[in-house]
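Hi,

Here is the structure I promised to pass on. Have a look at it first, and my notes follow below.

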Amino acid sequence: MNRGNVLRLSVIIWMAFVWVLLWGTFSIANVLGGLIVAGIIAVLLPLPKVPVEGRAHLLSALRLGVYIFVESIKSTISVAWLAIRPAAPPVTGVLRCRLTIKSDLVLTLWTDIMNNIPGTMVLEIDQVRRIMYVHVLDVSTDKAVADFYRSARLIERLLIDTFERDSEWQPSPWRSGTEEAI
């Protein structure tokens, strides 16, 4: 078995597991039904190949996960305070953030992370120039803007340390060509 078949098999097993969870009862019939449905889905709706151009580093991924958790808690508290404080609503704005991330997959991860941190939402992605436009809930002070950029850069650096180290980077053969202009 090659890596692709192992991946397909693991996806089918995962879908069958979710099937059993959705039915709420573990039985041979549910497991077999889940495997059949997952197999049909895998054949009729195959996932596209995702270009993986580096290696994942466990320690860096752990640091990234801890930082995202802490930043999410801090942002949740900050947004809650902005909602209940006895003052005018905060000044909001759209900030431009240029990234040095090479991979579209890692760029998507950065976008997902930013969208899941309370108080920020990615509005537009310039994929070719790697410029992100992010709506930020509080840009009322220079410190708030600097805090956003510090957080965005740190997440970018942690993602690069986790997935895109220069010493291990190899462009995928499935690249679309839009990244060549970078």
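Let me start with the hairpin: β2 and β3 make one, with four residues between them, and Arg130 in that turn has a positive phi of about 60°. Strands here are DSSP runs of E with at least two residues, helices are runs of H or I with at least four, and both are numbered from the N terminus.

Before going on, the small print. This is a predicted model, with local features needing pLDDT of at least 70 and side-chain atom pairs counting only at pLDDT 80 or more, while totals for chains, interfaces and linings use all residues. Residues are numbered from 1 along each chain as its sequence is written, and side-chain values use heavy atoms, leaving out hydrogens and water.

Back to the strands. β2 and β3 pair antiparallel over six bridges, where pairing takes at least two DSSP bridges between two strands. Met121 sits opposite His135 of β3. On the other side, six bridges join β1 to β3 (residues 131-136), again antiparallel, and Arg98 has Ile131 in β3 as its bridge partner. Put together, the three strands give an open antiparallel sheet in the order β1-β3-β2. β1 (93-98) and β2 (120-126) are the edge strands, each pairing on one side only. Neighbouring strands are turned by 25° against each other on average, ignoring direction; axes are lines fitted to C-alpha atoms (for helices, over the stretch in contact), and angles between N-to-C directions run from 0 to 180 degrees.

Two helices pack on the sheet, and contact means heavy atoms within 4.5 Å. Helix α4 (residues 104-116) touches β1, β2 and β3, its direction making about 150° with that of β2. Helix α5 (residues 142-163) also touches β1, β2 and β3, at about 35° to the direction of β1.

What about Ser103, in the loop between β1 and α4: buried or exposed? Ser103 counts as buried because its relative accessibility is 4%, the cut-offs being under 20% for buried, over 50% for exposed and partly exposed in between (1.4 Å probe, protein chains only). Its side chain reaches the backbone nitrogen of Leu105 at 3.1 Å.

Finally, the core. The largest nonpolar core has 22 residues, of which Trp110, Ile155 and Leu159 touch the most other members; such a core is a set of buried Ala, Val, Leu, Ile, Met, Phe, Trp, Tyr and Cys residues joined through side-chain atoms within 4.5 Å. At least two of its residues come from each of α3 (58-84), β1, α4, β3 and α5.

Cheers

How values were computed
Polar contact = N/O pair within 3.5 Å; in protein donor to acceptor, adjacent residues only side chain to side chain.
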